[in-house]
Amino acid sequence: MEGSGGGADPGPATAPGGEGEGCEGLWELPVERCERRPVCGRCSRPQKVCLCPFLPVHPLKVSTCLYIIQHPAEESRVLRTVPLLAACLPPDKCKILVGRRFNEGRYPELATVCRNPNTLILYPGAEATNLEEVAVMASSPSVMIIIDGTWSQAKDIFYKNSLFRLPKQLKPSISSQYVIRTQPTNTCLSTLECAAVALSIMEKNKSIQETILHPLQALCSFQLQHGAQIHHSKEHLLKNGLYDKPMPKNKRKLRRMELLVNNVKI
């Protein structure tokens with residue numbers, strides 16, 4: 001209900017000793033602008049910690065084409081590896097698609113790629129075979145799909161997009177060197193590691209793996225020198241009694257942890 005008195009409402013008065021006392025001039029203080037650090041155009045790292053000296057001088061010559069299916073949350077992560085991977089390869093051999101849902105209507109090129117019998121997807125599912133076995137039979141340049149995200153994000157993308165269940169599923173068989181992020185198991189790899197191993201096997205050139213892993217090794221070394229801690233996999237922590245977080249109450253999550261400890265494929 002409107003008041004009957006004339007003039008503007010002066011607003012609520014502040015009682016002595018109240019919440020607003022002594023704060024009258026704060027609004028006049030200058031606001032500091034938060035400016036982002038300049039970023040390197042090639043490796044996407046801040047210029048002060050640029051990793052370009054650890055990248056190949058020229059993009060690697062490969063016949064295999066990579067499609068990186070990236071969860072949107074990965075774009076804002078500080079320690080993401082896809083920019084380093086892209087900097088190692090020619091633009092036409094490393095194509096990045098960002099999103100959660102992919103269908104033939106919106107991504108006709110991707111749908112065509114997924115229907116190609118030479119297309120492979122790196123995903124360690126129950127039906128996956130070892131990468132080395134497929135490489136022996138490969139006779140022509142192939143296309144490889146890698147899902148980039150946390151393991152829960154990658155699983156969500158894989159199972160909720162039927163396109164990705166068409167290509168043959170593959171899994172690498174090495175341990176991760178990405179020690180500054182926690183992985184579920186010892187053989188869970190970062191996107192860059194997956195690509196490095198896969199390309200070296202498919203191209204039959206071991207030096208490709210060494211070249212692509214070089215910037216990742218430099219990144220991990222730099223982070224560890226400046227206070228980061230080595231992150232063992234959840235599997236390692238559970239097996240060695242080092243897991244210090246409360247055990248989940250959810251029966252499904254608890255069952256997954258039991259499988260990790262007992263070396264059962266999840």
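# Asp148 and its two polar partners

A polar contact of 2.5 Å links the side chain of Thr191 to that of Asp148.

Visitor: What kind of model is this, and what does the pLDDT average over the protein chain?

Guide: The model is predicted. The protein chain averages a pLDDT of 79, and 68% of the residues score at least 70. Over residues 1–9 the pLDDT is below 50, and that stretch has 0 contacts in the model beyond near neighbours in sequence.

Visitor: Back to Thr191. Where is Thr191 found?

Guide: Thr191 is found in helix α5, which covers residues 191–202.

Visitor: Buried or exposed?

Guide: Thr191 is buried, because its relative accessible area is 7% and the cut-off for buried is under 20%.

Visitor: What else does Thr191 touch, not counting residues up to four places away in sequence?

Guide: Besides Asp148, Thr191 touches Ile68, Thr81, Val82, Ile146 and Ile147.

Visitor: Which side chain does Gln70 reach with a polar contact?

Guide: That of Asp148, at 3.0 Å. Asp148 therefore has a side-chain polar contact with Gln70 and another with Thr191, where polar means a pair of N or O atoms within 3.5 Å.

Visitor: How far apart are Gln70 and Asp148 along the chain, and what separates their C-alpha atoms?

Guide: They are 78 residues apart along the chain, and 4.5 Å separates the C-alpha atoms.

Visitor: Which element holds Gln70, and is Gln70 buried or exposed?

Guide: Gln70 lies in strand β1, residues 65–70. Gln70 is buried, with a relative accessible area of 5%.

Visitor: And the contacts of Gln70, leaving aside neighbours within four places?

Guide: Gln70 is in contact with Glu75, Val82, Ile96, Leu97, Val98, Gly99 and Asp148. Val82 is on this list and also among the residues that Thr191 touches.

Visitor: Zooming out, how many helices and strands are there, and in what order do they run?

Guide: The protein chain has 8 helices and 6 strands. From the N terminus on, the elements run β-α-β-α-β-β-α-β-α-β-α-α-α-α.

Visitor: How much of the chain is buried, and what share of the contacts join residues at least 24 apart?

Guide: Of the 266 residues, 39% count as buried. For contacts between residues at least 6 apart in sequence, the share joining residues at least 24 apart is 71%.

Visitor: Change of topic: pockets. How much space is in the second largest pocket?

Guide: About 320 Å³. It has 15 lining residues, and those closest to the centre are Arg36, Ser44, Pro46, Val78 and Arg80.

Visitor: What is the class make-up of that lining?

Guide: The lining of the second largest pocket has 7 nonpolar, 2 polar and 6 charged residues.

Visitor: Ser44 is in that lining. What is its phi?

Guide: Phi of Ser44 is near 65°, a positive value in a residue other than glycine. Most residues other than glycine have a negative phi. Ser44 lies in the segment before β1 and counts as partly exposed, at 29% relative accessibility.

Visitor: What about Lys204: which sign does phi have, and where does Lys204 sit?

Guide: Lys204 has a positive phi of about 55° and is not a glycine. Lys204 is in the loop between α5 and α6, the latter being residues 206–225.

Visitor: Lys204 buried or exposed?

Guide: Lys204 counts as exposed, because its relative accessibility is 61% and exposed means over 50%.

Conventions
Residues numbered from 1 in each chain as written. Predicted model: local features only at pLDDT ≥ 70, side-chain atom pairs only at ≥ 80, totals over all residues. Heavy atoms only, no water. pLDDT = per-residue confidence, 0-100. Contact = heavy atoms within 4.5 Å. 1 Å grid on protein atoms, 1.4 Å probe; cavity = no way out; pocket = protein on both sides within 12 Å on 5 of 7 lines; lining within 4 Å. Points joined across faces, edges and corners; volume = space filled by probe spheres on them. Nonpolar A, V, L, I, M, F, W, Y, C, P; charged D, E, K, R; others polar. Helix = DSSP H or I, 4+ residues; strand = E, 2+ residues; numbered from the N terminus. Buried < 20%, exposed > 50% of the residue type's maximum accessible area, 1.4 Å probe, protein only. Polar contact = N/O pair within 3.5 Å; in protein donor to acceptor, adjacent residues only side chain to side chain.
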